[in-house]
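User: Please guide a newcomer through the structure shown below by means of questions and answers.

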Amino acid sequence: MKRKLLFAERMLYGNGETPFNVVIPVKINGSFPAENLYYALDKIQEKYPLLNAGIENDEEGRPWFVVHPKTFSYIPVRIIIREGNDDWERESVKEWYILFNSSKGPLVRLVWIKGDSFSELLLVSHHCLCDGGVLMSILADLLVLLDNGQVDIGKENPILKIEDIIPPSILKNKKKLVKAKLIGSFATLVLWLIPLQKRLIDRKKDYLIHWKLDKELSGQLIATCKSEGITVNTALCVAVLNAFKKVRKEKFHNKISCPVDIRKFTPEIKKDNIFAFGLMLVVSADEKLDLLNDARKMQEDISKKTAKLNPYETIMVMEKSHASLTDFNNFLKYGKSSNDCMFSNLGKIDIPYQYHSFEVETLYSPSVIGPLGNTTTLLTSTYRGQLDFTFIGSEGFLPYQEALAIQKELIHIITIFTKS
């Protein structure tokens, strides 16, 4: 089995020599034998063919996901003895920098922070293989199998070619093909012409800040959003922007980029399909409005932008832009950042917490860091009624003390919003 990496996957992969890893930690109350874990991982690899893949370049230097049935490697497990509740944070940061052997594979691994009563499992993937959404699906399967190895989790129908994503009526439409080629060629030219800095910004020390809203405040935020007809995601976007404004002052850009789950717009890509490409929206706050009215206005803006999203044409344009990949990556690395951060909300995580042999005490929001420019990223999710936040950054882009101040201000703004 083999499949070419799409443009976005190649962007995340780079040359395979720089880590770009996604980490999802889960805390488990209870114990389980090691053989259950290894058996569950074997069954996971049986369901998802690309979890057996490495990456090989063809004669033209283009990378492919490749599975060699007779030589594939098992998902590796690193086991450490649990010493405290913060071990998962230290190990998450460590996993950011551990390079996958992409030529051999697999592009996923597991860390087991093993304790007597509590354990954490850290599911780690190269970002070119998975996004946070499908990693959650893999984690859900893993937990089910860890509890009961006899459960049938089914088989993924993998995406093997672009025709598996884009309907023939669109993919073979001559007007759309010409449009995609023209836009792709124009983008290639523009990226080639843009002047860039000659030196990379020294990102210095990376850091991770984690916190949860308590259940009461989480519930109040959800209830307020429901009564006002806005999404939690929109309210959080407003809060994040205002927090950055308060702390960053003249360095505030009033712009955050928000990934959008492509699966909501492309029925061909299933929830459990191994796929790493997402759509993107950019939002800004209206500094003349109060929090609630700003959220209402932003909701209208997001709804309009979302309605205009065209994932099929976006993918077609990107697939006509492979010649610009190096220039695009250089633009991200060397270009001046105009965003305050990337903000990603995975929403409510529909993974059960009660199993026969253990309980999932909590799921932590993913963390991810890569080499493509500004690393400032805020990820959030909701599990068991609590909003969970993971704030990733680098001193060279956002000093740690400012990040702590933004965290404090964000909680304050959310509190004010729920009372408005």
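The turns below take up helix packing, a hairpin, backbone geometry and aromatic rings.

This is a predicted model, in which local features need pLDDT of at least 70, side-chain atom pairs count only at pLDDT 80 or more, and totals for chains, interfaces and linings use all residues. Residues are numbered from 1 along each chain as its sequence is written, and side-chain values use heavy atoms, with hydrogens and water left out.

User: How are helix 7 and helix 8 oriented to each other?

Analyst: Helix 7 covers residues 215-228 and helix 8 residues 232-248; helices here are DSSP runs of H or I with at least four residues, strands are runs of E with at least two, and both are numbered from the N terminus. Their axes, which are lines fitted to C-alpha atoms over the stretch in contact, with angles from 0 to 180 degrees between N-to-C directions, come within 9 Å and cross at roughly 110°. Angles under 35 degrees count as roughly parallel, over 145 as roughly antiparallel, 65 to 115 as roughly perpendicular and the rest as oblique. The two helices are therefore roughly perpendicular.

User: Which residue of strand 4 is the bridge partner of Asn 57?

Analyst: Strand 3 (residues 54-57) and strand 4 (residues 63-66) run antiparallel and are joined by four bridges; strands pair if DSSP finds at least two bridges between them. They form a hairpin with five residues between them, and Gly 61 in the turn has a positive phi of about 85°. The partner of Asn 57 in strand 4 is Pro 63.

User: Is Asn 254 buried or exposed?

Analyst: Asn 254 lies in the loop between helix 8 and strand 9 (256-260), and its phi is positive, near 60°, in a residue other than glycine. Buried means under 20% relative accessible area, exposed over 50% and partly exposed in between, with a 1.4 Å probe and protein chains only. At a relative accessible area of 13%, Asn 254 is buried.

User: What kind of pair do the rings of Tyr 355 and Phe 358 form?

Analyst: Rings of Phe, Tyr and Trp (its six-membered ring) pair if their centres lie within 6.5 Å; planes under 30 degrees apart count as stacked, over 60 as edge-to-face and the rest as tilted. Tyr 355 is buried at 10% relative accessibility, and Phe 358 is buried at 3%. Their ring centres are 4.9 Å apart and their planes at 25°, so the pair is stacked.
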